[in-house]
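Please show me the sequence together with the structure, so that the questions can be followed on the model.

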Amino acid sequence: MRCAALVVLFACVVGTNPADAYSQFTTNGARLHWDAPRVRWMAVDRSVPGVSAGDLQAALARAFQTWQDLPTASIAFEFAGFTSAEPEDDDDLSVLGFQSHPELERVLGATSFLFDDSTGEIVEADIFFNSQFDWSTSGDPNRFDLQSVAVHEIGHFLGLGHSAIGETELRPEGGRRVLGSGAVMFPISLGRGSIADRTLLPDDIAGVSDLYPDGGFAESTGGVHGRVRHGAAPAVGAHIVAFDLRTRALVGGFALGDNGEFQILGLRPGAYVLRVEPLDDADIDSFFSLDEIAIDTNFQVTYFQRLVAVPAGGVGEAVEIVVRSK
Amino acid sequence: MSFDVFVALVLPVTAQTRAPRVNPRVEVSVGAGFASGSDLGDANADLRARDGGTLVLFTTSSKFSSHVPLELRLGFPVSRSWSFEAVGAFSRPELQTSVANDTEGAPTVGVSERIDRYVVDGALIYAFDTPQSRRAVPFVGAGIGWVRQVHEGQSLSEDGVSFRGGGGVKYPLVVRNRGAVRRMGIRADAALIVFSKAVTVGTGPASHLTAVGSLYVAF
């Protein structure tokens, strides 16, 4: 069985915040987030071929540590032990482990939430890794790397949605193959044997640091904002990537305002190139709830004609980017 | 008593046989010129590829455009050949970036922004002739200072360090032994200026070759 996709279970019940960079889950305008300073998690006491329960726990701990180690984000985690509970049980326990989902033939793993829909506070988040696939914790070239997929799913666990920084091609047999990925939170896996997603990229770091800012993040970074227009109409759903000329960091956002507004935050001060592209490298419903938003994908890749200066602690002048039909 | 008279008589004689005055206390020059563009290097927008390598989303190549610097100098002689100069300069180069090789085939484009650049530095100058000369006086000098770049829209300013090294020639048009203005003339400077730290883009410092013509007045 070939597999390429990482999706968020229950993505349809949450939207994304048009005012923010990256993709962060929202409910009634509130961003999904943990209020607890230290989030406790449990590992399912179940092994699969190639990965024991101990291996699972160790790989998950390393994946959690990857997010916790960020100096610009304040989130912390604590392993609370093994459990026989299943992911997806609404039991106030955040449980991660293997589960068999033969019906999800392209889904490596998924995250589900229990949250307060008035405040966005996450009460519980569970992650399953589909045991229909071959897993490894040692970088086996013929198996999926558990730690890499766990880093991605823990991004959802924290409240991040999918990033669109990546390029794919259609496979003749269906699905998509990744040509390049610019974020761990890109929805499609780099494939068997790849351990690249054990390491976070600037888009991931900006997203989680915006959600759980620490270390002077808000004061030391800034943003770019504006709107994307397709003729007279807003280019809703356009994907904008800001490229830092000095650090080469790529951070993305979406034009999700009613008038195509976008805002990308968490950028180091400096001069940026802005690139706009249609959302055509993954299924749109892996980013947004389709019944809420009509996404415009019928336009050409476009660069904003000016370099954009991003100040510290604020945003520069609003930019207006005009795209043309394909 | 006789000793005092002797001194009083001798001093005027001595003064008549040597230069009648010391160096000017300060020299002010104002000028404008040309600064070359500066290559800032390439920066690729890379994605992680399946094979562990990279997929280039697009490439960029950046430079500062050539521009016209305006300079104000205050010179303070510290000996017959050495002087200290405080230099203030303003210029408006354009930061230009060419974006190419888009992985989805977008055409090559140039994007840019205007930069307001302010420089204040201090330099030591060595002149190869006396300040009293009525001929062209070549000189060399080097200095270090502070640079601030304000990006278009005024929302972002960045500070860095400037290094200046070069030389030039001063040619006096007026030399007077009395009055507030002791000398006036023209001056030509050529220098290599290097900006480092926060004000650069890309992989290395920005460097400009400059040629500036000035009018100077010494008091």
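The turns below go through confidence, the contact between the chains, the core and one helix residue.

This is a predicted model, in which local features need pLDDT of at least 70, side-chain atom pairs count only at pLDDT 80 or more, and totals for chains, interfaces and linings use all residues. Residues are numbered from 1 along each chain as its sequence is written, while chains are lettered from A and ligands numbered from 1 in the order in which they are written.

Me: What pLDDT does chain B average?
Reply: The pLDDT is the predictor's confidence in each residue, from 0 to 100. Residues 1–19 of chain B have a pLDDT below 50, although 85% of the residues of chain B score at least 70. For chain B the average pLDDT is 87.

Me: What ipTM does the predictor give the complex?
Reply: The predictor gives two scores for the complex, one of them a pTM of 0.88. The other is an ipTM of 0.90.

Me: How many residues of chain B take part in the contact with chain A?
Reply: Two residues are in contact if their C-beta atoms, placed from the backbone, lie within 7 Å. On this basis chain A brings 34 residues to the contact, and the number from chain B is 32.

Me: Which residue is the bridge partner of A:S181 in β2(B)?
Reply: Strands (E, at least two residues) and helices (H or I, at least four) are DSSP runs, numbered from the N terminus, and two strands pair if DSSP finds at least two bridges between them. Here β12(A) and β2(B), residues 38–49 of chain B, run antiparallel and are joined by 2 bridges. In β2(B), the partner of A:S181 is B:R48.

Me: Which helix supplies the largest share of the largest nonpolar core?
Reply: A nonpolar core is a set of buried Ala, Val, Leu, Ile, Met, Phe, Trp, Tyr and Cys residues joined through C-beta atoms within 7 Å. The largest one has 125 residues, and A:I240, A:A242, A:Y272 and A:L274 touch the most other members. Its largest share, 7 residues, comes from a helix of chain A spanning residues 146–158, namely α2.

Me: Is A:F64 buried or exposed?
Reply: A residue is buried if 20 or more other C-beta atoms lie within 10 Å of its own, exposed if 12 or fewer, and partly exposed in between, with C-beta atoms placed from the backbone. A:F64 lies in helix α1 (residues 53–68) of chain A, and, leaving aside its neighbours within four places in sequence, A:F64 is in contact with A:F77 and A:I154. Because A:F64 has 23 other C-beta atoms within 10 Å, A:F64 is buried.
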